[in-house]
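Colleague: I'd love a close look at one part of this model, with some of its surroundings for context. Could you walk me through it?

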Amino acid sequence: MCGIAGILGDDIGTDVSDMTAALRHRGPDRQATLRLPQAHVGAARLRIVDLITGDQPLVSSRTGAVLVFNGEIYNYPELRLRLEGRGHRFDTATDSEVVLRAYEEYGWRCVDHLRGMYAFSIVDGDRAILARDPLGIKPLHYTLLHNGRALAFASEIKSLLRCSVVPARIDEATLGDIHTLEYVADPRATLFEDIHCLEPGCCLEITLAMNGLGIHMHPFRPSLDPFDPPPTAEGAERRLDELLNESLRSHQMADVPICLTLSGGLDSTLLGLVLKQQVGDGVVSYIVSDDMAQVDVQQAAHMARLLGFEHRPVIFTFPQYLAAMAPAILASESFTDGIPQYLLFREMGQHFRVALNGEGADELFGGYPEHWQADRYLARLREAPKCLPLTKYGAIERERLLSAPTVDSDAWMLDHFMGSQLTDRHLHPLDKVSMSSSVEVRVPYLDYDLANYVQRLPPSLRVNRTIGSLKYILRRVYLRRWKSLHGSDDIVDAVLRQKSGFPDARRVSQNRFHQLCDRVLPESYFNGHPRRHLLFHRTQAVWFDLFEFLFCERRGVLPQEFDLVDFLAQRAAKATSEVAAVAAEIAGKSGAQSSPSPARTTGLATTL
């Protein structure tokens with residue numbers, strides 16, 4: 001796992017070492033760059049596979065091609081054997097070198113042979129490629145400069161902003177998408193003008209010429225095994241169980257210890273069941289919340305005891321929530337509330353470099369309540385102002401959702417949730433927030449073969465309206481695994497309950513922050529806000545203002561002296577001491593939030 005950065009084509013006056021330094025949190029073990037005649041590339045490496053060799057940029061001893069790579073290739077042992085059979089020789093034991101040799105064998109179509117999560121660039125003389133995995137698990141951003149004669153790319157936007165010629169301007173159309181759809185619908189768009197995402201499952205093939213760059217985009221989807229729809233639910237259950245077993249085994253590929261995020265719900269507990277059967281004892285699990293009594297915290301601890309895991313809840317206070325707000329925004333590169341995840345991975349990163357996570361299961365298997373409440377979901381879309389700017393894809397998606405679906409049909413919603421909603425709302429923030437603490441998160445449910453198998457199943461096997469079951473086929477696999485364990489009946493609880501999830505993990509602190517904003521910020525702050533039409537309330541306006549300050553004014557750098565209370569006081573036109581007193585009063589109120597023990601908050605700030 002790494003952070004990667006580079007400039008292809010013209011020299012734009014930026015040292016890629018500065019861009020790479022901005023990614024040090026993604027790769028604290030080593031940062032290095034390499035200058036080539038028509039390119040300058042860099043990588044910050046987090047050593048997970050092959051801890052001795054394999055540092056990047058990786059240069060081919062055979063062709064001189066140069067690779068910078070972020071991610072994991074889970075089928076690299078098989079692919080390496082295949083390439084060795086075709087005469088390739090390897091200098092390291094890393095999966096990244098397998099990518100480089102596959103490129104030398106297949107050209108840009110090497111991506112057809114990769115199974116995993118990745119974003120990478122290869123520079124080969126006067127040619128280069130950029131590629132990203134088909135489901136968009138790993139991010140890759142780029143921008144064109146010097147009238148198309150240069151292209152800068154990086155794993156994170158804050159790295160691109162180290163280039164002084166890259167503008168840091170908010171793209172209001174993406175704000176319109178978020179206001180209307182709750183995510184950015186354009187897979188190529190970011191919150192910034194002229195800074196793009198490489199689309200999932202795309203490879204840019206670039207010719208490096210003195211008069212400009214020749215860029216060709218190649219969408220790709222690796223070949224799939226022939227699919228014969230199972231004649232029965234039992235057949236689908238059996239095959240899905242096999243695929244999940246294979247996915248968990250391959251996702252444990254590492255030369256460092258691995259842990260698990262465990263909410264006590266169906267998705268993470270099933271991962272825990274399979275993990276227990278594969279590795280036995282010694283698994284460490286984590287959960288985060290601002291309330292020790294919160295239902296997920298209690299359920300996760302219960303499931304961890306049944307599975308024999310060492311369970312480590314991370315419980316945070318309201319002062320810790322406030323202190324983490326700016327770092328969390330900087331880490332996620334968005335203005336949504338990812339504070340619980342930020343605090344979780346900050347604690348986890350003290351002990352682990354790899355975590356397994358159940359992200360993607362709700363989208364893939366049909367776990368969202370919108371399947372039962374599609375009419376409410378569509379009504380919310382209809383209520384959004386028609387005058388808001390939208391991205392091209394946002395306008396198309398809005399009209400498609402409002403005009404096409406039959407409310408009680410699930411195929412359209414399953415397809416909808418597996419698109420940009422998954423990438424923009426979930427995968428991008430998860431990657432960036434976890435990597436801010438040097439933790440690589442792996443998502444076994446989004447294994448390419450498993451995900452494609454499930455997507456080709458009839459929707460009724462995912463959302464069973466006859467018996468009123470979301471994630472129907474996944475619940476069957478869970479019960480199958482439970483029976484094979486001959487475990488306690490209590491383990492069945494996970495298949496019956498609906499987890500609260502991360503929004504509820506911050507419920508107490510978020511409510512208190514709303515109180516703080518309502519008490520100290522005048523109505524004129526929100527009513528007179530220049531982007532009021534794109535925001536819902538004054539609290540969201542604070543989040544956005546903080547995001548704009550960090551990225552447009554500070555270009556992705558958090559000032560050492562930054563204080564959130566002072567930031568709020570400036571917007572409230574009040575003394576910092578007055579706002580601090582209100583924050584302290586709210587923090588001291590008795591309520592649902594429990595006092596954390598020191599053991600559960602190691603490494604977390606304890607005061608404002």
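Which residues are exposed on the other side of helix 12?

Modeller: Happy to, with the reminder that this is a predicted model. On helix 12, the exposed residues on that other side are R376 and E383. To see what they are opposite to, take the buried set of helix 12, which spans residues 374-383: A374, Y377, L378 and L381. Viewed down the helix axis, these buried residues fall within an arc of 90°, so they line one face of helix 12. That face has three helical neighbours, since the buried residues of helix 12 pack against helix 5 (172-181), helix 13 (392-403) and helix 14 (411-417).

A374 is a good residue to zoom in on. It lies in helix 12, and its relative accessible area is 2%; because buried means under 20%, A374 counts as buried. A374 also has a partner in space that is some way along the chain: M413 is 39 residues away in sequence, with the two C-alpha atoms 8.5 Å apart.

Now for the surroundings, beginning with another strongly enclosed element. Strand 8 covers residues 141-145, and four of its five residues are buried, so the rest of the structure largely encloses this strand. Strand 8 has pairing partners that you can pick out by their bridges. With strand 9 (residues 150-154) it runs antiparallel, joined by five bridges, and H141 stands opposite A154 of strand 9. Strand 8 and strand 9 form a hairpin with four residues between them, and in that turn H146 has a positive phi of about 50°. With strand 10 (residues 196-197), strand 8 is again antiparallel, this time through two bridges; here Y142 faces H196 of strand 10.

There is also an open sheet to look at. Six strands make it up, in the order 4-5-6-7-11-12, with antiparallel pairing. Its edges are strand 4 (58-59) and strand 12, each of which pairs on one side only. At the strand 4 edge, two bridges link strand 4 to strand 5 (residues 66-73) in the antiparallel sense, and V59 has V66 of strand 5 as its bridge partner. Helix 3 (residues 95-106) packs on this sheet, touching strand 4, strand 5, strand 6 (116-124) and strand 7 (127-132), and its direction makes about 120° with that of strand 5.

At the other edge, strand 11 (residues 202-209) and strand 12 (residues 212-219) pair antiparallel over eight bridges. A hairpin of two residues connects strand 11 to strand 12, and T207 is found opposite G214 of strand 12.

Finally, a helix pair that may interest you for its residue classes. The axes of helix 6 (residues 233-250) and helix 17 (residues 472-485) come within 9 Å and cross at roughly 70°. Helix 6 and helix 17 are therefore roughly perpendicular to each other. On the helix 6 side, the contact is made by A233, E234, A236, E237, R238, L240, D241, L244 and N245, while helix 17 contributes I473, R476, V477, R480 and R481. Sorted by class, this contact has six nonpolar, one polar and seven charged residues.

To come back to your question: helix 12 has A374, Y377, L378 and L381 buried, with R376 and E383 exposed on the other side.

Definitions and conventions. Residues numbered from 1 in each chain as written. Predicted model: local features only at pLDDT ≥ 70, side-chain atom pairs only at ≥ 80, totals over all residues. Heavy atoms only, no water. Axes fitted to C-alpha atoms, helices over the stretch in contact; angles between N-to-C directions. Parallel < 35°, antiparallel > 145°, perpendicular 65-115°, else oblique. Contact = heavy atoms within 4.5 Å. Nonpolar A, V, L, I, M, F, W, Y, C, P; charged D, E, K, R; others polar. Pairing = 2+ DSSP bridges. Buried < 20%, exposed > 50% of the residue type's maximum accessible area, 1.4 Å probe, protein only. Arc of directions from axis to C-beta.
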